Amino acid sequence: MSRAARAFRVAALALAVAFLPAAAAVARAAELPSGGLLRTPFGATLAERLVADGFDRARVETLLGDPRLAINQTTLSHAIVYRETKADYSKFLTEERLSRARAFIAENRELLAAATAKSGVPGEVIAAILMIESDFGAYRKLHPVFGVFVTLLWAAEPANFETVRGIVQSRLPDATDDKVRERSRAKAKWAYEQLGYLLRIAEREKIDLPALEGSWAGAFGWSQFIPSSYWGYAVDGSGDGRADLYTAADAVYSVGNYLRSFGWKSGLTEQQQLAVVRRYNNSELYAATVLGAAARLRPGAKATP
């Protein structure tokens, strides 16, 4: 073999080794369970746990065996080890976004007035939150919510650690093994609590649970409530006997009820208002953006230049 050929072979081997972790992560991702999990050891164990906690066996087994249920790679990649970054909310204060919010307020003036009378929360604050959270339902975030919480439970299984680590570290190379293990356990504890709320919600509201879509983190509806928030604060605003957060009336009333429950009332200072909005999303920038947008949405406010 010539010197040039040997050099080429060495370079090719080095390149293959360099790409090995990424290739392995892709291979592992392609092998993630799908098409229902009931017949897997993990699914069978989860079913027994849910039944022991009082959920109907037939219903649990139907849900865990549903062919639409799959392990969500995006949830594994983003929700196990979450890296806080400075969010950019400036786009929500542009005239393009605010004009859509004004149109929503104009179309739902009576609804917003009724929600304000009930909760004390100004309609423009409610509209600002729905604009930021989902663009009034236009941004649907296509991830099956049931699968998100099952995925977080699956990720905490020791047998799945290598797969989870590969996916997490492909996005965050500095995430240590200990960090991945620690966060997997913590997220699984939270996920099981949320899964319990989600099952109760689906039963009460007659929801086709595997079809319910939301974010990779498990929030859903115009208001982007996680299941525990839905269970505690979602209300029926339309009078049809259901709280459907994918409808304007129920989303509006539910946001108002949430903020009222955390202390919104007339006479609050701006700092107190910010503190209440931070209970919705614990970010100073988020809260400031909500109140800034609401100020521009008040009657008589000038349009953004």
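This section describes the fold, nonpolar core, principal pocket and selected residues of a predicted model.

The protein chain contains 14 helices and two strands, and of its 305 residues 45% count as buried. Contacts that bridge distant parts of the sequence are well represented: among those between residues at least 6 apart in sequence, 71% join residues at least 24 apart. The accessible surface of the chain amounts to about 15,700 Å², and carbon and sulfur atoms account for 54% of that area.

In the interior, the largest nonpolar core comprises 91 residues, and those with the most contacts inside this core are Leu46, Leu64, Phe104, Leu130, Phe146, Leu259 and Trp264. The surroundings of one of these residues, Leu259, can be given in detail: when residues up to four places away in sequence are not counted, Leu259 touches Val121, Val125, Ile129, Trp264, Val276, Val277 and Tyr280. Trp264 thus appears both as a contact of Leu259 and among the core residues with the most contacts.

The largest pocket has a volume of about 1,600 Å³. Its lining is made up of 43 residues, of which Tyr82, Tyr89, Glu133, Ala217 and Asn281 are the closest to the centre of the pocket. The elements that supply two or more residues to this lining are H4, helix H5 (95-107), helix H7 (123-134), helix H10 (177-205) and helix H14 (284-297), and H7 gives the most, with four residues. By residue class, the lining of the largest pocket divides into 18 nonpolar, 11 polar and 14 charged residues.

Two residues in the region of helix H3 were examined for their contacts with parts of the chain remote in sequence. Arg59 lies in helix H3 itself and, with a relative accessible area of 22%, is classed as partly exposed, because that value falls between the limits of 20% for buried and 50% for exposed residues. Beyond residues up to four places away in sequence, Arg59 touches Leu199, Ala202 and Glu203. The pairing with Leu199 spans 140 residues in sequence, whereas the C-alpha atoms of Arg59 and Leu199 are 9.6 Å apart in space. Asp66, by comparison, is found in the loop between helix H3 (57-64) and helix H4 (73-79); Asp66 counts as buried because its relative accessibility of 12% is under the 20% cut-off. With residues up to four places away in sequence again left out, the contacts of Asp66 are Gly35, Gly36 and Pro210.

Backbone geometry draws attention to two further loop residues. Most residues other than glycine have a negative phi. Phe136, although not a glycine, has a positive phi of about 55°, and Lys206, likewise a residue other than glycine, has a positive phi near 60°. Phe136 is placed in the loop between H7 and strand E1 (143-144), while Lys206 occupies the loop between H10 and strand E2 (213-214). The two residues belong to opposite accessibility classes: Phe136 counts as buried because its relative accessibility of 12% is under 20%, whereas Lys206 counts as exposed because its relative accessibility of 70% is over 50%.

Technical notes
Residues numbered from 1 in each chain as written. Predicted model: local features only at pLDDT ≥ 70, side-chain atom pairs only at ≥ 80, totals over all residues. Heavy atoms only, no water. Buried < 20%, exposed > 50% of the residue type's maximum accessible area, 1.4 Å probe, protein only. Contact = heavy atoms within 4.5 Å. 1 Å grid on protein atoms, 1.4 Å probe; cavity = no way out; pocket = protein on both sides within 12 Å on 5 of 7 lines; lining within 4 Å. Points joined across faces, edges and corners; volume = space filled by probe spheres on them. Nonpolar A, V, L, I, M, F, W, Y, C, P; charged D, E, K, R; others polar. Core = buried A, V, L, I, M, F, W, Y, C linked by side-chain atoms within 4.5 Å. Areas by Shrake-Rupley, 256 points an atom, 1.4 Å probe, with all protein chains shown as cover.
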